Amino acid sequence: MVPVYGARWGTRGRLLSRKFLFLGPPAAGKGTQAALIASELGIAHISTGDMLRDQVARRTELGRTIETMLAAGELVPDDLVVSLLPDRLAREDAVPGFVLDGFPRTQSQAVSLETLLGEDGLDRVVALVVPEEEIVRRITGRRSCAEGHVYHVSGLPPKVAGVCDIDGLSLFQRSDDTEDVVRNRLAVYLASTAPLMERYSAILVKVDGIGSVEDIKARILAVV
Ligand code: AMP
């Protein structure tokens, strides 16, 4: 048997992958923490928001269909989002496990995920808890590069203003990161996504999303 980094072996020698879902309102820090935890554990970071933005940037047929929905902070129809998942979950980097960031966002997507994952299902759901006014402050200061590396103008500034530390690409503000759109995304989250906490109550852990990136990462690592 060839060990896969980040994976562990079950009692009967079966390779167990680690499957996590990060839930939380927009700008709770899901993307930042999902990337850090995935890298720490050697598992894939799967962000449907990044995948959808990539479709928009590449002007694919799907991208042109969903562009206005993303800009308004509306959810993309379930079947369109779900159609992206099988290929992504089958990629090599997801074999030892993955952190799902931004999917599922509705009960119907959760049912589709259960079908895709089969009997093993998710191991742990981490809900990041952040109050609404802090969310608005965070989002309006958020900047990212085309590769999805995320900064904040005051909370997590890049070394050189407007330039990504990792790849030197220019930083920009997402079109759905304005205050009006944020309030809409928050309303959509409360109506459609927050109820998923009930669905996952048996494997749900709530983590305080206020504090430094390192402190929050440590809190999450302690529970996954
Ligand atoms: P995020 O980067 O996770 O905040 O996602 C950005 C936007 O992409 C959301 O406001 C939605 O418009 C869309 N989106 C991302 N994931 C999903 C999903 N699972 N279901 C529907 N829409 C999604």
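What is the handedness of the crossing in which H1 passes H10? In this predicted model, H1 passes H10 in a right-handed crossing, and the paragraphs below lead up to that pair of helices and then beyond it, beginning with the protein as a whole.

The secondary structure of the protein comes to 10 helices and nine strands. Measured out along its principal axes, the C-alpha trace spans about 50 × 35 × 35 Å. For a chain of 224 residues, a compact globule would be expected to have a radius of gyration near 17 Å, and the protein agrees with this because its own value is 17 Å. Of these 224 residues, 44% count as buried. If one looks at the contacts in the protein with a separation of 6 or more, residues 24 or more positions apart account for 67% of them.

With this overall picture in mind, we can turn to the helices that pack against one another. Two packed helices are described by the angle between their axes and by the distance between those axes.

For helix H1, residues 30-41, and helix H10, residues 213-221, the axes come within 10 Å and cross at roughly 60°, and the two helices are therefore oblique to each other. On the side of H1, the residues that take part are Thr32, Gln33, Leu36, Ile37, Glu40 and Leu41, and they meet Val213, Ile216, Lys217, Ile220 and Leu221 in H10. Sorted by class, this contact has seven nonpolar, two polar and two charged residues.

A second pair is formed by helix H2, residues 48-57, and helix H3, residues 61-72, whose axes come within 8 Å and cross at roughly 115°. Here H2 passes H3 in a left-handed crossing. The residues of H2 that meet H3 are Leu52, Arg53, Gln55 and Val56, while H3 contributes Leu62, Gly63, Ile66, Glu67 and Leu70. By class, the contact of H2 with H3 has five nonpolar, two polar and two charged residues.

The third pair is helix H7, residues 132-140, with helix H8, residues 179-193, which pack at an angle of about 135° with their axes 10 Å apart. That angle makes H7 oblique to H8, and the crossing of H7 and H8 is right-handed. From H7, the residues Glu132, Glu133, Ile135, Val136, Ile139 and Thr140 meet Glu179, Val182, Arg183, Arg185 and Leu186 in H8. In this contact there are five nonpolar residues, one polar residue and five charged residues.

Two single residues can now be placed in this picture. Glu74 lies in the loop between H3 and helix H4, which covers residues 78-82. Is Glu74 buried, exposed or partly exposed? Glu74 counts as partly exposed, because its relative accessibility is 41%. Leaving out residues up to four places away in sequence, Glu74 touches Met69, Asn184 and Val188. Glu74 and Arg143, by contrast, are 69 residues apart in sequence and lie 20 Å apart in space, taken from C-alpha to C-alpha.

The other residue, Arg88, has its place in helix H5, residues 85-90. Arg88 has a relative accessible area of 9%, and because buried means under 20%, Arg88 is buried. When its neighbours within four places in sequence are set aside, Arg88 is in contact with Ala44, His45, Ile46, Met51, Asp93 and Ala94.

How values were computed:
Residues numbered from 1 in each chain as written. Predicted model: local features only at pLDDT ≥ 70, side-chain atom pairs only at ≥ 80, totals over all residues. Heavy atoms only, no water. Axes fitted to C-alpha atoms, helices over the stretch in contact; angles between N-to-C directions. Helix = DSSP H or I, 4+ residues; strand = E, 2+ residues; numbered from the N terminus. Parallel < 35°, antiparallel > 145°, perpendicular 65-115°, else oblique. Left-handed = near helix turned anticlockwise from the far one by under 90°. Contact = heavy atoms within 4.5 Å. Nonpolar A, V, L, I, M, F, W, Y, C, P; charged D, E, K, R; others polar. Rg over C-alpha atoms; globule rule 2.2 N^0.38 Å. Buried < 20%, exposed > 50% of the residue type's maximum accessible area, 1.4 Å probe, protein only.
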